[in-house]
Structures are given as C-alpha cells and as structure tokens.
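Below are some notes on the model, set out as numbered points for a colleague who has the coordinates open. They begin with one strand pairing and then widen to the interface and to one of the chains.

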Amino acid sequence: MSVLVYAEHDNAALNKATLSVIAAAKEIGGDITVLVAGKGCGAVAEEAAKAEGVAKVLCADNDAYEHQLAENIGELVAEVGADYGHILAAATTTGKNFAPRTAALLDVAQISEISDVVDADTFKRPIYAGNAIATVKCADAKKVITVRPTSFDPVAAEGGSAAVESLDVVKNSELSSFVGEELAKSDRPELASAEIVISGGRGMGNGDNFEILYKVADKLGAAVGASRAAVDAGFVPNDMQVGQTGKIVAPNLYMAVGISGAIQHLAGMKDSKVIVAINKDEEAPIFQVADYGLVADLFEAVPELDSKL
Amino acid sequence: MKVLVPIKRVIDYNVKVRVKADNSGVDLANVKMAMNPFCEIAVEEAVRLKEKGVVSEIVAVSIGPKAAQEQLRTAMALGADRSILVETDEEVQPLGIAKALKAIVDDEKPDLVILGKQAIDDDNNQTGQMLAALAGMPQGTFASEVDVADGKVKVTREIDGGLQTVELKLPAVVTTDLRLNEPRYASLPNIMKAKKKPLDNKTPADLGVDLTPRVTIEKVENPPERQAGIIVGSVDELVEKLKNEAKVI
C-alpha cells in the first residue's frame, strides 16, 4: 500500500510540520506521495520533492485552493486519496479542518492527532487532554489520520529527488469564500517549531510586562508563548497559547515564567526536552515537571537572566 | 431561522481522570458528568442569536445514554426550545454521530448547526466537519466570532498563525472555540421551566443509521511521567546548568 501526505504550506514555503508527517508515513511503510494544493505553490512542490523518503509529489495549483478552504480541499483529498491506503495530514488547524471532511466523504473513520505508529492499522493518541494515552486500531480499509507533528522527528528537508506531477483536478464548492485574515507578524520563530520557547503566565501581571520575555527570547532566538490564564486575562493574543486548547510544543528548551502549571498547560509542553520553571510559589505544580526550577520573583530573575546571557 | 445544537455528555471538566487498572479505559463509575464545555459555548451562541432576533427556534440534540437527558434539560434551561435524544448505550464514534445528526438535519432542516469543536473526553475534533461533509454544507470551524446576515454567516476562525474570516452560504455548520463567548449559568426559574419543554426520544433504528464503531480501543494507559528535577539557587546557577549540563543554550 502507499501513503498520501497532505502538505502544509503558505503557498510560498513548506511548513516544517509536513516533514514530521512524512516521518510518520515512513513508519507506516510504503511509497510516500506528497500532495501540495494551493495557488502559485510550485516552489512548495519543489521543496517537498527534496524531502527525504518522498517518492512523488502531486501539485494541484488553482485559485480554489489558495486559502485551504475545507470544502474544496476535503473533496480534492478524498478524490486523490482513493488510490492510497493511508491519508495523512498534520494536526494543525488546516489538517483538523479538512481531514474529517475527507474521511466522511470516503465513509471511513478519522484518527486524530496520533503520537505514535504501532503498525499500519494501530496507533497511539492522547485523550482526555493528554491525561491518558489510547492505543487504537482502525478496521477501515483506508485510514485518514492527523499526526501530532511534535511527536515525530522530522525527516531531512534535503537529499530527495522526487518527480513533481501537476494535477488538474479542480474542486470548487462555492459554498464558502475567503474574506480575510489577520496573521500575527513576528520576527521570532514560529511557536510550534521553535528550538527554544519562553512562556509567560498569569504571574506576568499584564501584557506590557511580556516585554522582559521578548528581550530574553531575542537573545536566545526563542519563540514566546503564554498560558491560557495569561490569554484569558487579555495579556496576549490567543495564538500565543501553549496547552491542550492552544499549541502543542516540544522544543529543546521550554522556560515557564510565572506559570503555575495547570494540567491543561502541561499537556501542551511536557514533551519538551528540558523544562525550566521560574515562579515565586515553590508549591507551584510546574516544579514537578521542571528539570530546573528557580524559586524567585520573575521581575528580578528574568532581567538578571537577560543580563547574563 | 432554526438552529440545531448537538451536545455531548462527558466527564466534568474539573474531575481528575483516572485510567482503569486493567487498561480498558478511563474510570467513569460514580464520576460527575456534565455538558462538554465547547457544547455549552455552542448553546450560548445559539441563545445570543435568538436574543438578537436572528434565530427563532433552538433545537438541542444528543446521541448517547438515557442520562444525557440531564444535559438536554440543561441546554433547555439555558434557552433551547426543545430537544431530541437519540438513545443508545453503545459506544458511538464521530462518523456514527455525524450520520445520526445528518438524519436529524434532513428531518429538522435547520439553517445553522452550531456545535463544539471537540469533546474533552476523546479529543477527536471531527463531528462538525463530518456532518458538514455528509450534509453537503460549508463549515466554519474553531469560531471566535459568528455574524449571521442575508442568508450567509461570516465566521472568524482561530487558526495557527492568527485569525481567518470566511463567509458561508446557509445552511452551514459552525464549531465553537473557547473565546467565542462566556456561557451563562441557568437560573432556577429557567431550570424549572426547562422541565416542561418537549424532549423527544428516538433510537438509532428510527433514524435508519448504522452506528457501529470503526475504531477499537485496544488499551488506555497513563502518559509517561516526567520526573521532577532540581531546584537551582540562583540565576547564575541556572545559566551554568543550561550551558554545561543540559547544553541547550
């Protein structure tokens, strides 16, 4: 059997999450085809063709796919996916949006956010906000799966030389249309793929105080995140939220500043390689998962840290 | 216009989840159950649309055990006009739920279906999208703002890099994200009134749908435990450990 991987991108560059999905596809086994759907996305297809382990790239370049509308992408993937045993997408807001649609059109189950491949029919996935891990087996002939990117080490971005075929399939439901988007602009790395993440919680007090985290982040080349408490308090926008209801991250270094460590937050970062916690409350649950804890007032400790890096 | 709000009975948000010793699942015996939090947001949004005069009727529906009547009564106490329970004691998975909801949609012909983006038990995040596909409707998932006008609904969606706004032709499916609204509490008079609102009982056979699960749960385990590390005494010690011991900066 063969595996179809749906590429995540912004029409200009391939999102690194796709390299992790390809890694999951390799564990399942079989030839890997990557489907790139977008508008003016030829460069993305060329990039996907260089990824390790990719046998073929299909490029569907059409206005209908520019904004990844689920109605159009869901139908395209259902049609293209008819020839494959497994259809994989990243468990990002794009993948989660269209993959269940594709599965329903194919009358098969969808398996969400797998964190491990046991065999071609059996997978592990977190349930109950990461408080339990289920091993699930799917009886359907075709499997539609979303993959938690941080659970799989990405394949090499270079070295492959797959052929790129253009795909002349246009699905345009005209039921939905794109109105606009507001994307957070930042020179810092993307939260989900950064090597270092520094996050602030309710202890930050207000949004302006996040400035001290930005300073440290810029010295370390880190992304800045936040706990749900900080988002709910209006300190920072929701797209900075790390946790079960926000982004799942697993960087080499995660620094939790003024974060108590609610289970909801831990679910989003506990797979990080090294965890540092800075909190003045020595009883805070975050210290139970931290490799290095510092019991201190963050407004003294963070500027001091900044000066010593 | 009519809104359909599918809801799910799940373990209460505040209950600590315990994996059963035989790894067959999560222990739900004598555990407090409640309406899934994202479903509460869906009910609230429907009620606000009714208060604005956009919506004339709200129908709540649940697929699950007889006890899910409690959550339907809660939905009616919050403002739903009537409800439907598709009763089954079997495990039902998202595709089955979506098929049952499709049958209800065919019957009720709502202009809008508003439901939670995911349930906090299985964390699947599939039902709304699957229903939309089966019913041939457009979808606005992970909504943080919903605006209905002129036979269309404009939905602002929480996406990874920020916000995206799409416009959908009605009938459409909207799934709720956390920031869409803050659900109200049901008042005592409304809880009393809800007891008299109509609750229609159906079975999967009445709907003519096959709810057989496609995925079997082989095992449920505790996640790997992370060991607590050390408490450092100063920022200097922290920087030294990160540089020389962990080698991450």
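1. In strand S12 of chain B, the residue that serves as bridge partner of Ala134(A) is Val220(B). This pair can be read in the setting of strand S8 of chain A (residues 132-138) and strand S12 of chain B (residues 215-221), which run antiparallel and are joined by six bridges. The model is a predicted one, and the points that follow should be read with that in mind.

2. Turning to the interface as a whole, 78 residues of chain A are in contact with 75 residues of chain B. The area buried between chain A and chain B comes to about 6,300 Å², with carbon and sulfur atoms contributing 54% of that area.

3. As to polar interactions, 47 residue pairs are found in polar contact across the interface of chain A and chain B, counting pairs in which both residues are at pLDDT 80 or more. On the side of chain A that touches chain B, the residues divide by class into 39 nonpolar, 19 polar and 20 charged.

4. Between chain A and chain B there are six salt bridges. One salt bridge to inspect links Arg226(B) with Asp291(A), where the closest N and O atoms lie 2.8 Å apart.

5. Chain B taken by itself has seven helices and 13 strands, and its C-alpha trace spans about 65 × 45 × 40 Å along the principal axes. Of its 249 residues, 53% count as buried, and among the contacts in chain B with a separation of 6 or more, 69% come from residues 24 or more positions apart.

Methods
Residues numbered from 1 in each chain as written. Chains lettered and ligands numbered in written order. Predicted model: local features only at pLDDT ≥ 70, side-chain atom pairs only at ≥ 80, totals over all residues. Heavy atoms only, no water. Contact = heavy atoms within 4.5 Å. Buried area = accessible area lost by both parts, 1.4 Å probe. Salt bridge = Lys/Arg side-chain N within 4 Å of Asp/Glu carboxyl O. Polar contact = N/O pair within 3.5 Å; in protein donor to acceptor, adjacent residues only side chain to side chain. Nonpolar A, V, L, I, M, F, W, Y, C, P; charged D, E, K, R; others polar. Pairing = 2+ DSSP bridges. Helix = DSSP H or I, 4+ residues; strand = E, 2+ residues; numbered from the N terminus. Buried < 20%, exposed > 50% of the residue type's maximum accessible area, 1.4 Å probe, protein only.
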